[in-house]
Amino acid sequence: MIDNFYSSWDVMQFINEYGDEIEMDIIRYQNEYQVTVNICDDKPPFRDYTVTATDLRSKKKAAKKALLELYHQAYSEISTK
């Protein structure tokens, strides 16, 4: 169970290989890491994808889970071609 108190909260922004800006929030709770990633376009075609993933011990694993799901949602049309 996640309590309402976090140990740390980091925000990162980067441009991925498709030229989209990704924002990643990494929150460290007492019992787990929670990572939320999103793509939100400022110009057409507007897309808005947000995914949250957790891992008990590793922020790297939580980030990987979240990014894989985000890429699946946002780029599924590219990966199926």
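1. A residue is called buried here when its relative accessible area is under 20%, exposed when that area is over 50%, and partly exposed in between. By that rule, buried residues make up 33% of the 81 residues in the protein chain. The coordinates under review are those of a predicted model, and every remark below should be read with that in mind.

2. On the overall architecture, the protein chain contains two helices and four strands, and these elements follow one another along the sequence in the pattern β-β-β-β-α-α. The C-alpha trace spans about 40 × 25 × 20 Å along its principal axes. Among contacts between residues at least 6 apart in sequence, 32% join residues that are at least 24 apart. The accessible surface of the protein chain comes to about 5,900 Å², of which carbon and sulfur atoms supply 52%.

3. The interior deserves a closer look. In soluble globular proteins, nonpolar side chains tend to be buried together. In this model the largest nonpolar core has 15 residues, and the members that touch the most others are Met24, Val35, Val37, Ile39, Ala66 and Leu70. At least two residues of this core are supplied by each of β2 (21-29), β3 (33-40), β4 (48-55) and α1 (59-74), while the largest share, five residues, comes from α1.

4. Val35 is a convenient residue from which to inspect the packing of this core, since its contacts can be listed in full once its neighbours within four places in sequence are left aside. Under that condition, Val35 is in contact with Met24, Asp25 and Ile26, with Val51, Thr52 and Ala53, and also with Lys59, Ala62, Ala63 and Ala66.

5. Turning to charged groups, side chains of opposite charge can pair when their charged atoms come close. The count for this model comes to three salt bridges. In one of them the side chains of Arg47 and Asp20 meet, with an N to O distance of 2.9 Å. Arg47 lies in the loop between β3 and β4, whereas Asp20 lies in the loop between β1 (6-15) and β2, so this pair ties together parts that are 27 residues apart in sequence. Asp20 has a relative accessibility of 12% and therefore counts as buried.

6. Arg47 also meets the side chain of Asp41 in a salt bridge, here at 2.8 Å from N to O. Asp41 is buried as well, because its relative accessible area is 18%, a value to be read against the cut-off of 20%.

7. The remaining pair to examine is Asp55 with Lys65, whose closest N and O atoms are 3.3 Å apart. Because Asp55 lies in strand β4 and Lys65 in helix α1, this salt bridge ties together parts that are ten residues apart in sequence. The two partners differ in their exposure: Asp55 counts as buried at 13% relative accessibility, but Lys65, with a relative accessible area of 42%, is partly exposed. Returning to the salt bridges that share partners, these join Asp20, Asp41 and Arg47 into one network.

8. A last point concerns the surface, where Tyr6, Trp9 and Val11 form a nonpolar patch with about 330 Å² of accessible area together. Of these residues, Tyr6 has its place in strand β1, and at 46% relative accessibility Tyr6 counts as partly exposed.

Note on methods:
Residues numbered from 1 in each chain as written. Predicted model: local features only at pLDDT ≥ 70, side-chain atom pairs only at ≥ 80, totals over all residues. Heavy atoms only, no water. Core = buried A, V, L, I, M, F, W, Y, C linked by side-chain atoms within 4.5 Å. Buried < 20%, exposed > 50% of the residue type's maximum accessible area, 1.4 Å probe, protein only. Contact = heavy atoms within 4.5 Å. Salt bridge = Lys/Arg side-chain N within 4 Å of Asp/Glu carboxyl O. Patch = residues over 30% accessible without salt bridge, like charges linked within 9 Å, V, L, I, M, F, W, Y side chains within 5 Å. Areas by Shrake-Rupley, 256 points an atom, 1.4 Å probe, with all protein chains shown as cover.
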